[in-house]
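I opened my notebook to follow a few charged side chains through this model and to write down what I looked up, step by step. Which of them are paired, and where do they sit?

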Amino acid sequence: FAYIIYFCYLFNDTLIDFVYCKATEGSTYIDSEWKSNRVQLNQLGIRNGAYHFLNPNTSSIPQAKHFLAIWKHREIDLPPVLDVEKEATTDKILINNMYDWLEYVEKKSGFRPIIYTSYSFYTKKFKNEFKDYQFWIASYDKDPKALSDKRIVHWQFTDNIDLPGINEKVDFNVSKRRF
């Protein structure tokens, strides 16, 4: 299952400026479309990056090592993304695992990761915790008021877009960030 995230810049007439693809989940799963997605995007000249779906109740260092082994970053890559959508047993466990993953990946890759999460998680759990990180939030509200927060750089506003050449609905986002 290929899970591709398309982006467009705000106030730009270009539909697809860059793409994030799922690379890994947990400490063993590799998205079956990861390699082919990356090759195709590179052939099309579309800037791209990878994300890791966090398993919040297991140690995040093995997850970070797994991600880095599969992603194999290049200088042209977009910053990696940590996808945090699930609760852990406690918020403390979740936050500690996130910090461990983020710090390990940044140290090894030289890229500061972006955190993907719901707007609800951002406001209730992470906004006051991860002050030095940028966020990509999912919020299907029609009003993008969250984009006024300077730490929110990407906004996923739908998961229901049809694009030519893609056989399934895809997520669509806008971004304030230029790469």
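Entry 1, on D77. I looked up how much of D77 is accessible in this predicted model, and I noted a relative accessibility of 3%, so D77 counts as buried, because buried means under 20%. I then asked myself which side chains D77 meets. One is R74, whose side chain joins that of D77 in a salt bridge with 2.5 Å from N to O. R74 has a relative accessible area of 25%, and I therefore wrote it down as partly exposed, since that category begins where buried ends, at 20%, and runs to 50%.

Entry 2, on R38. I found that R38 also forms a salt bridge with D77, and here the closest N and O atoms are 2.6 Å apart. This pair links distant parts of the chain, as R38 belongs to helix α1 (residues 34–44), while D77 lies in the loop between α2 (60–71) and β5 (81–83), 39 residues apart. Both R38 and D77 are buried. Putting the two entries together, I recorded that R38, R74 and D77 are linked in a network of salt bridges, and that the structure holds seven salt bridges.

Entry 3, on K125 and D91. I turned to another pair and noted that the side chains of K125 and D91 meet in a salt bridge, at 2.7 Å from N to O. This pair, too, links distant parts of the chain, with K125 in helix α4 (residues 119–126) and D91 in helix α3 (residues 91–109), 34 residues apart. Is K125 buried or exposed? Its relative accessibility is 17%, so K125 counts as buried, whereas D91, at 35%, counts as partly exposed.

Entry 4, on V153. I placed V153 in strand β8 (residues 152–161), and I marked it as buried because its relative accessibility is 4%. I also looked up its C-alpha atom, which is separated by 5.2 Å from that of K176, although V153 and K176 are 23 residues apart along the chain.

Entry 5, on confidence. Before closing, I checked how far the predictor trusts the model, and I wrote down a mean pLDDT of 85 for the protein chain, with 84% of its residues reaching 70 or more. Where is confidence lowest, and where is it highest? It is lowest in strand β1 (residues 4–9), at a mean of 50, and highest in α2, at 98. Over residues 9–13 pLDDT stays under 50, and for these residues the model has twelve contacts beyond four places in sequence.

Note on methods:
Residues are numbered from 1 along each chain as its sequence is written. This is a predicted model: local features need pLDDT of at least 70, side-chain atom pairs count only at pLDDT 80 or more; totals for chains, interfaces and linings use all residues. Side-chain values use heavy atoms; hydrogens and water are left out. A salt bridge is a side-chain nitrogen of Lys or Arg within 4 Å of a carboxyl oxygen of Asp or Glu. Helices (H or I, at least four residues) and strands (E, at least two) are DSSP runs, numbered from the N terminus. Buried means under 20% relative accessible area, exposed over 50%, partly exposed in between (1.4 Å probe, protein chains only). pLDDT is the predictor's confidence in each residue, from 0 to 100. Contact means heavy atoms within 4.5 Å.
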